[in-house]
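Trainee: I have the sequence and the model open side by side. Could we walk through the structure together?

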Amino acid sequence: MSPLSSGLLGDLDPTSDRAVFRQIADQLREAIDRGRFREGEKLPSEAALVDHYGVSRMTVRNSFSILQGEGLVHAEHGKGVFVRPRPPVRRLASDRFARRHREQGKSAFIVEADAAGSRPQVDSLEVKEEKASQDISTRLGSVRRVLARRRRYLLDGRPVEFATSYLPLDIARGTQIAEPNPGPGGIYARLEELGHRLDHFEEEIRARMPSPDEVRTLRLAAGVPVIHLIRTAFDTEKRPVEVCDTVMAADAYVLAYQLPAT
């Protein structure tokens, strides 16, 4: 029995002012939202949709293009069009930097990966001293040069984010923070060992469309935005000790927050 013979999709409305390819996209979107096509499942082929709706292949392709632009589906050359998976990772803003994780030797990314049941990996690692940009300098208290740590994070082999941490040289130079592997608990554990006990973090978050470089780095499908997060870490002396500039694939994360009522 073909996928369309079971009532998964309806018929076109010839009296509607809405373009035919948009009507088809509407029906496919509704079927995805209702779970008729599950995550990772292949949508009906172009030929099946052409036969079902009595339209041209170009009309069907235009419908697929709409759904790809919305980030709902992705095309695999020679295989078909598939429903994109839902975000696998819940980033718990109030918990991922808890000191207990550092004391257990876990970085924030490992904590998130463990919670999602995924395999974490870091690649494209670069550590070097460089001149601070005006924005980074301002956030770190008018420093001129910084230690920059750039890395890309993967879950189960898929790139999900890349980040650059900037630290004042008077703190980081000559320490394990300047090594490719900063050790258990990551750079925050090393900062606290150096006497910079962390007090709080401030984050700025915005969503935007990715640059071409970000598309390549994160292997983003068409229409998938990114989450751009800038975090500043402060020690108990209120000194900013790190700025982390992170770009995340928006289809890979749910940002979850717990906020006090008082």
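Trainee: Let's start with the largest pocket: what is its volume?

Mentor: Happy to! Keep in mind that this is a predicted model. In it, the lining of the largest pocket is made up of 37 residues. The volume of that pocket is about 670 Å³.

Trainee: Which residues lie nearest the centre of the largest pocket?

Mentor: The lining draws on several elements, and those supplying at least two residues each include strand 5 (145-155), helix 5 (108-116) and helix 8 (186-193). By class, the lining residues split into 17 nonpolar, ten polar and ten charged. Nearest the centre of the largest pocket are Ser-107, Phe-109, Arg-151, Tyr-153 and Gly-186.

Trainee: Which element gives the largest share of the lining of the largest pocket?

Mentor: Strand 4 (120-131), strand 6 (158-168) and strand 9 (240-249) are among the elements that each supply at least two residues. The largest share, five residues, comes from helix 5.

Trainee: Which residue just after helix 5 takes a positive phi?

Mentor: Within helix 5, the buried residues include Phe-109, Glu-112 and Ala-113. Just past the end of helix 5, a phi of about 70° belongs to Gly-117.

Trainee: Now for the nonpolar interior. Which helix gives the most to the largest nonpolar core?

Mentor: That core has 20 residues, and Leu-9, Leu-28, Phe-37, Leu-43, Leu-49, Phe-64 and Val-73 touch the most other members. Helix 2 (46-53), helix 3 (57-69) and strand 2 (80-83) are among the elements that each supply at least two residues of this core. The top contributor, with five residues, is helix 1.

Trainee: How many residues are in the second, separate core?

Mentor: Its members include Ala-113, Leu-155, Val-224 and Leu-229. Ala-113 is one of the buried residues of helix 5, while Leu-155 sits in strand 5. The size of this second core is 18 residues.

Trainee: Is Leu-155 buried or exposed?

Mentor: Leu-155 and Ser-165 are ten residues apart in sequence, and their C-alpha atoms are 20 Å apart in space. The relative accessibility of Leu-155 is 7%, and buried means under 20%, so Leu-155 counts as buried.

Trainee: What is the relative accessible area of Val-160?

Mentor: Val-160 is in strand 6. Leaving out residues up to four places away in sequence, Val-160 touches ten residues' worth of surroundings that include Phe-109, Tyr-153, Leu-155, Val-247 and Tyr-253. Val-160 is buried, and its relative accessible area is 1%.

Trainee: Back to helix 1 for a moment. Which residue's backbone nitrogen does the side chain of Gln-23 reach?

Mentor: Gln-23 belongs to helix 1 (residues 20-33) and counts as buried because its relative accessibility is 9%. Beyond its neighbours within four places in sequence, Gln-23 is in contact with Leu-12, Asp-13, Ser-16 and Arg-18. At 2.8 Å, the backbone nitrogen reached by this side chain is that of Asp-13.

Trainee: One last residue. With which side chain does the side chain of Arg-139 make a polar contact?

Mentor: Arg-139 is placed in helix 6 (residues 134-139). Not counting residues up to four places away in sequence, Arg-139 touches Glu-204, Ile-230, Thr-232, Pro-240 and Val-243. The polar contact, at 2.9 Å, is with the side chain of Asp-135.

Key
Residues numbered from 1 in each chain as written. Predicted model: local features only at pLDDT ≥ 70, side-chain atom pairs only at ≥ 80, totals over all residues. Heavy atoms only, no water. Helix = DSSP H or I, 4+ residues; strand = E, 2+ residues; numbered from the N terminus. Buried < 20%, exposed > 50% of the residue type's maximum accessible area, 1.4 Å probe, protein only. Polar contact = N/O pair within 3.5 Å; in protein donor to acceptor, adjacent residues only side chain to side chain. Contact = heavy atoms within 4.5 Å. 1 Å grid on protein atoms, 1.4 Å probe; cavity = no way out; pocket = protein on both sides within 12 Å on 5 of 7 lines; lining within 4 Å. Points joined across faces, edges and corners; volume = space filled by probe spheres on them. Nonpolar A, V, L, I, M, F, W, Y, C, P; charged D, E, K, R; others polar. Core = buried A, V, L, I, M, F, W, Y, C linked by side-chain atoms within 4.5 Å.
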